[in-house]
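Got your viewer open? Here is a walk through one chain, stop by stop, with something to select at each.

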Amino acid sequence: MGKQNDTTVMEFILLGFPGSLYLKVSIFILFLLMYILTVIGNVAIVALVMANHHLHTPMYFLLCNLSFLEIWYTTTSIPKTLAIFLGKSRTISFHSCLVQMYFIFSFGCTEYFLLAVMAYDRYLAICYPLRYSSIMSNTVSIQLAIACWVCGFLVISIPASLISRLSFCGPNVINHFLCNIDSWIILSCTDTHTVETTAFIISVVVILGSCIITLLSYIYIISTILRIPSAKGQQKAFSTCSSHLAVVIIWYGSTIFLFVKPSARSSLELTKIVTILNTIVTPLLNPFIYALRNREVKETLYNVFHGT
């Protein structure tokens, strides 16, 4: 396969992380533990919100969407990655690789949109507390969440469609532990300029667009908090958005390099390292950040464990 230029490659090999058996087993154990904790943590957040009526608010409904997304975002890549570390199932078919890439990037785009909507929700809650309930009703929050999911999956259908038309007739080894757009661009034996340009434009629009909404929301939030006369009032107001702000910083810090870069053919090893933060570390940290920094979540957890 891939020996002749006129041979169509329909199966790829995911290289993963080259190294000794001891290193691979160690990384496997680490990834497995992190994956289990990620699923348990995010499932716990969803169950906690659904089981407690006082958490049935737009803020926590959006948080449920984020936790649900993180479960599937991690699941699209980690099980296959774990198999690679064990030296099994390194191969992946063209269609399976395309599907994995589509879902990974769709969930990623959806997360950007959700974080922007969550920032807007906090902006309304802090800057317009008296009008918050009428503006951000349960119906509006449901509509915004649906829009995030639909837009996230639609926008990635464009590069996915373009990639499905590429031809692969050379090497079939992907220097990564998952399938992404860069892999197709590097391995394709046809012109990929359209795919690269489209992917770059979509990345800039999605990331910078959601970033601008989030940034503007927090500029207004901070300016409103600073106008509160008492330090206790400022602390109380900031506590309602500190968890979301921490998640935003981690998410943008770990993903902006992956998508907004002029060329896919550079910094492949660095891309793999940053992808670990993006697909494993961030989904793992999110539920713990909300559990440790959010007063209402901490109080609900306390009541659950103490049977009150």
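**The whole chain**

Start zoomed out. Take the contacts between residues at least 6 apart in sequence: 80% of them join residues at least 24 apart. Keep in mind that you're looking at a predicted model. Switch to a cartoon view and you can pick out twelve helices and three strands in the chain. Of the 308 residues, 50% count as buried. Now turn on the surface: the chain exposes about 14,900 Å², and 70% of that comes from carbon and sulfur atoms.

**Into the core**

Hide the surface again and select Phe12, Met101, Ile163, Phe168, Ile181 and Trp184. These have the most contacts inside the largest nonpolar core, which has 74 residues. Which helix gives the most to this core? Colour residues 94–127 and you have the answer: that's helix H4, with 13 residues in the core.

Now centre on Ile163. Leaving aside neighbours within four places in sequence, what does Ile163 touch? Show the side chains of Phe94, Leu98, Met101, Ile181, Trp184 and Val195, since each is in contact with Ile163.

Apart from the largest core lies another one, of 13 residues. To find this other core, select Leu124, Tyr132, Met136 and Ile221, which are among its members.

**A gathering of rings**

Next, select Phe68, Trp72, Tyr102, Phe103, Phe107, Trp149 and Phe153. Together they form one aromatic cluster. Across the structure there are 22 aromatic pairs. Try Tyr102 and Phe103: their rings sit 5.5 Å centre to centre with 75° between the planes, an edge-to-face pair. Is Phe103 buried or partly exposed? Its relative accessibility is 32%, so Phe103 counts as partly exposed.

Move along to Phe107 and Phe153. Their ring centres are 5.4 Å apart and the planes meet at 90°, so this pair is edge-to-face. Colour by helix here: Phe107 belongs to helix H4 and Phe153 to helix H6 (residues 138–163), so the pair ties together parts that are 46 residues apart in sequence. Phe107 is buried, at 7% relative accessible area. Phe153 has 19% relative accessibility, and because the cut-off for buried is under 20%, it counts as buried as well.

**A charged pair under cover**

How many salt bridges does the count come to? The answer is one. To see it, select Asp121 and Arg122, whose side chains meet at 2.9 Å, N to O. Side chains of opposite charge can pair when their charged atoms come close. With the surface on, look at how covered these two are: Asp121 is buried with a relative accessible area of 1%, and Arg122 is buried too, at 8%.

**Out to the surface**

Leave the surface on and select Leu208, Ile212, Leu215, Leu216, Ile219 and Tyr220. You're now looking at a nonpolar patch with about 590 Å² of accessible area together. Leu208 is found in helix H8 (residues 193–226). At 39% relative accessibility, Leu208 counts as partly exposed.

Follow the chain on to Ile228, in the loop between H8 and helix H9 (231–239). Ile228 has 23% relative accessibility and counts as partly exposed. Not counting residues up to four places away in sequence, Ile228 touches Gly233, Gln234 and Ala237.

**Two last stops**

Jump to Asn52, in the loop between helix H1 (21–51) and helix H2 (58–75). Asn52 is buried, with 17% relative accessible area. Now draw a distance line from its C-alpha to the C-alpha of Thr300: these residues are 248 apart in sequence, yet 7.9 Å apart in space.

Finish at Ser183, which has its place in helix H7 (residues 181–187). Is Ser183 buried or exposed? With a relative accessible area of 9%, Ser183 is buried. Leaving out residues up to four places away in sequence, Ser183 touches Ile174 and Leu178. For a final distance line, go from Ser183 to Asn172: eleven residues apart in sequence, 9.8 Å apart in space, C-alpha to C-alpha.

Notes. Residues numbered from 1 in each chain as written. Heavy atoms only, no water. Core = buried A, V, L, I, M, F, W, Y, C linked by side-chain atoms within 4.5 Å. Buried < 20%, exposed > 50% of the residue type's maximum accessible area, 1.4 Å probe, protein only. Helix = DSSP H or I, 4+ residues; strand = E, 2+ residues; numbered from the N terminus. Contact = heavy atoms within 4.5 Å. Patch = residues over 30% accessible without salt bridge, like charges linked within 9 Å, V, L, I, M, F, W, Y side chains within 5 Å. Areas by Shrake-Rupley, 256 points an atom, 1.4 Å probe, with all protein chains shown as cover. Salt bridge = Lys/Arg side-chain N within 4 Å of Asp/Glu carboxyl O. Phe/Tyr/Trp six-rings, centres within 6.5 Å; stacked < 30°, edge-to-face > 60°.
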